[in-house]
Amino acid sequence: PSASSPQEAEGASFGEALRALEYWLLVLVFLVGVGVGQTLSNSIADIPTIDTAAGVAIFAAGNAVGRFAPGYLSDLLIEVCDRTGFIIVSSALLCVAQGVMLLAQASRLLAYLGIFLTAC
């Protein structure tokens with residue numbers, strides 16, 4: 001078998017990928033996911049209801065879990081839920097995490113939960 005060029009993946013050229021809706025949906029999900037996590041990590045010190053050191057530690061723990069758990073679950077559940085469905089569920093979890101962060105102004109526990117879920 002011959003190696004495919006860096007521009008081609010599974011028979012699609014880079015130009016074809018740029019014209020595909022799936023490519024732009026993945027870019028959108030990636031940018032939103034990275035942007036939300038990056039914004040939260042830069043703003044932990046500004047959350048008045050939590051201790052900054054604890055917030056950073058919880059963010060780091062969530063980030064560590066978030067590196068392995070989604071990949072493992074994705075491989076485990078591939079028969080039940082395809083990759084697109086898994087991305088949708090992951091995006092929904094991110095929305096739930098942000099909802100928890102909105103409610104976190106009144107509760108330290110909710111703030112820590114929102115930080116952990118956002119980092120995952």
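Which residues of α5 are buried? In this predicted model, the buried residues of the helix are Ala 111, Tyr 112, Gly 114, Ile 115, Thr 118 and Ala 119. They lie on the same side of α5, because they cover an arc of only 160 degrees around the axis. An α-helix has 3.6 residues a turn, so residues three or four places apart point the same way. The partners of this buried side are other helices, since the buried residues of α5 pack against α2 (21-43), α3 (52-76) and α4 (83-103).

Helix α5 itself runs over residues 108-119 and has 12 residues; from its first C-alpha to its last it reaches 17 Å, which is close to the 16 Å expected at 1.5 Å a residue. The N-terminal end of α5 is capped by Ser 107, a side-chain oxygen of which lies 3.3 Å from the backbone nitrogen of Leu 109.

Among the buried residues of α5, Thr 118 can be followed in more detail. Thr 118, placed in helix α5, has a relative accessible area of 7% and is therefore buried, the cut-off being under 20%. The side chain of Thr 118 reaches the backbone oxygen of Gly 114 at 2.8 Å, and Gly 114 is itself one of the buried residues of α5. When neighbours within four places in sequence are left aside, Thr 118 is in contact with Val 36, Gly 37, Leu 40, Leu 94, Ala 97, Gln 98 and Met 101.

One of these contacts, Leu 94, belongs to helix α4. Leu 94 has a relative accessibility of 16% and so counts as buried, again by the cut-off of under 20%. With its neighbours within four places in sequence left aside, Leu 94 is in contact with Val 32, Gly 33, Val 36 and Thr 118. Val 36 thus appears in the contacts of Thr 118 and also in those of Leu 94. Leu 40, although in contact with Thr 118, is not listed among the contacts of Leu 94; the C-alpha atoms of Leu 94 and Leu 40, which are 54 residues apart along the chain, are separated by 12 Å.

A further feature concerns aromatic side chains, of which the structure holds one pair. This pair is formed by Tyr 23 and Trp 24 and is edge-to-face, with 4.9 Å from centre to centre and 85 degrees between the planes. Tyr 23 counts as partly exposed, at 29% relative accessibility, and Trp 24, at 44% relative accessibility, likewise counts as partly exposed.

Key
Residues numbered from 1 in each chain as written. Predicted model: local features only at pLDDT ≥ 70, side-chain atom pairs only at ≥ 80, totals over all residues. Heavy atoms only, no water. Helix = DSSP H or I, 4+ residues; strand = E, 2+ residues; numbered from the N terminus. Expected span 1.5 Å × (residues − 1). Buried < 20%, exposed > 50% of the residue type's maximum accessible area, 1.4 Å probe, protein only. Arc of directions from axis to C-beta. Contact = heavy atoms within 4.5 Å. Polar contact = N/O pair within 3.5 Å; in protein donor to acceptor, adjacent residues only side chain to side chain. Phe/Tyr/Trp six-rings, centres within 6.5 Å; stacked < 30°, edge-to-face > 60°.
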